Amino acid sequence: MWRKIHSNRDPRDTLYSELQKEFKPWFTKARRCFSAALSDYPRFFFSGMVILLLVSMVLSFTVFRNPEKTAAVPEKKQPNVVEDGFSRIMQAAGQLKETLKLKNTIDSLAARKNLSRADSLMLDSALSRLQHIHQPSK
């Protein structure tokens, strides 16, 4: 499984050097044709470059312009104090009731000298639930 693989490849050969060996004639021919066209028609290529710059500028200021987003102030929802306050009181009462029940379970399990696996699992779940209840809600 951990057998060393031996290779007869020259370590100086890289992917770039092999690609260069393979495609070098094509790139040199393309470079020669392009430089010959540039030297034969310099005015054409210069005017094409300027026209492309102008078209790019016009498009960037018209078609591809991102509209400025106005900072829309979200409407603040008026809290219903009576219902919201009552629901919070009910939620706090439920959490307090569950906390007391979990505390009694934890105290009864902690008072034992030996805990079985089921008791350990119950103690762990009770402690994690108690920690989850007392985490500040975001």
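In which helix is Thr99 found? In this predicted model, Thr99 lies in helix 3, which runs over residues 81–110. Its relative accessible area is 16%, so Thr99 is buried, the limit being under 20%. Apart from residues up to four places away in sequence, Thr99 touches Leu130, Ile133 and His134. Leu130 and Ile133 also belong to the buried residues of helix 4.

Helix 4 comprises residues 117–133. Its 17 residues should span 24 Å at 1.5 Å a residue, and the C-alpha atoms at its ends are 24 Å apart, in agreement with that value. Asp119, Leu123, Ala126, Leu130 and Ile133 are the buried residues of this helix. These residues lie on the same side of helix 4, because they cover an arc of only 95° around the axis. An α-helix has 3.6 residues a turn, so residues three or four places apart point the same way. Exposed residues are carried on the face turned away from the buried side of helix 4, namely Arg117, Leu121, Asp124 and Gln131.

The largest nonpolar core has seven residues: Leu102, Ile106, Leu109, Leu123, Ala126, Leu130 and Ile133. At least two residues of this core come from each of helix 3 and helix 4. Helix 4 supplies the largest share, with four residues. Within the core, Leu102 is in contact with Ala126, Leu130 and Ile133, and its contacts also include Arg129, leaving aside neighbours within four places in sequence.

Six salt bridges are present in the structure. One of them joins the side chains of Arg129 and Glu98, with an N to O distance of 2.8 Å. This pair links distant parts of the chain, since Arg129 is in helix 4 and Glu98 is in helix 3, 31 residues apart. Both partners are partly exposed: the relative accessibility is 32% for Arg129 and 26% for Glu98. Arg129 thus takes part in a salt bridge with Glu98 as well as in a contact with Leu102.

A further salt bridge is formed between the side chains of Lys103 and Asp107, at 3.2 Å from N to O. Here both residues lie in helix 3, four residues apart, or about one turn of the helix. Lys103 counts as partly exposed at 46% relative accessibility, and Asp107 counts as partly exposed at 40%. Elsewhere, Asp13, Glu18 and Lys21 are joined into one network by salt bridges that share partners. Within this network, Asp13 forms a salt bridge with Lys21, and the closest N and O atoms are 4.0 Å apart. Asp13 is partly exposed, with a relative accessible area of 27%, whereas Lys21 counts as exposed at 56% relative accessibility.

Ser39 is found in helix 1, which covers residues 15–40. Its relative accessibility is 53%, so Ser39 counts as exposed, the limit being over 50%. Ser39 and Arg65 are 26 residues apart along the chain, and their C-alpha atoms are separated by 37 Å.

Note on methods. Residues are numbered from 1 along each chain as its sequence is written. This is a predicted model: local features need pLDDT of at least 70, side-chain atom pairs count only at pLDDT 80 or more; totals for chains, interfaces and linings use all residues. Side-chain values use heavy atoms; hydrogens and water are left out. Buried means under 20% relative accessible area, exposed over 50%, partly exposed in between (1.4 Å probe, protein chains only). Contact means heavy atoms within 4.5 Å. The expected span of a helix is 1.5 Å times one less than its number of residues. The arc is that of the directions from the helix axis to the C-beta atoms. A nonpolar core is a set of buried Ala, Val, Leu, Ile, Met, Phe, Trp, Tyr and Cys residues joined through side-chain atoms within 4.5 Å.
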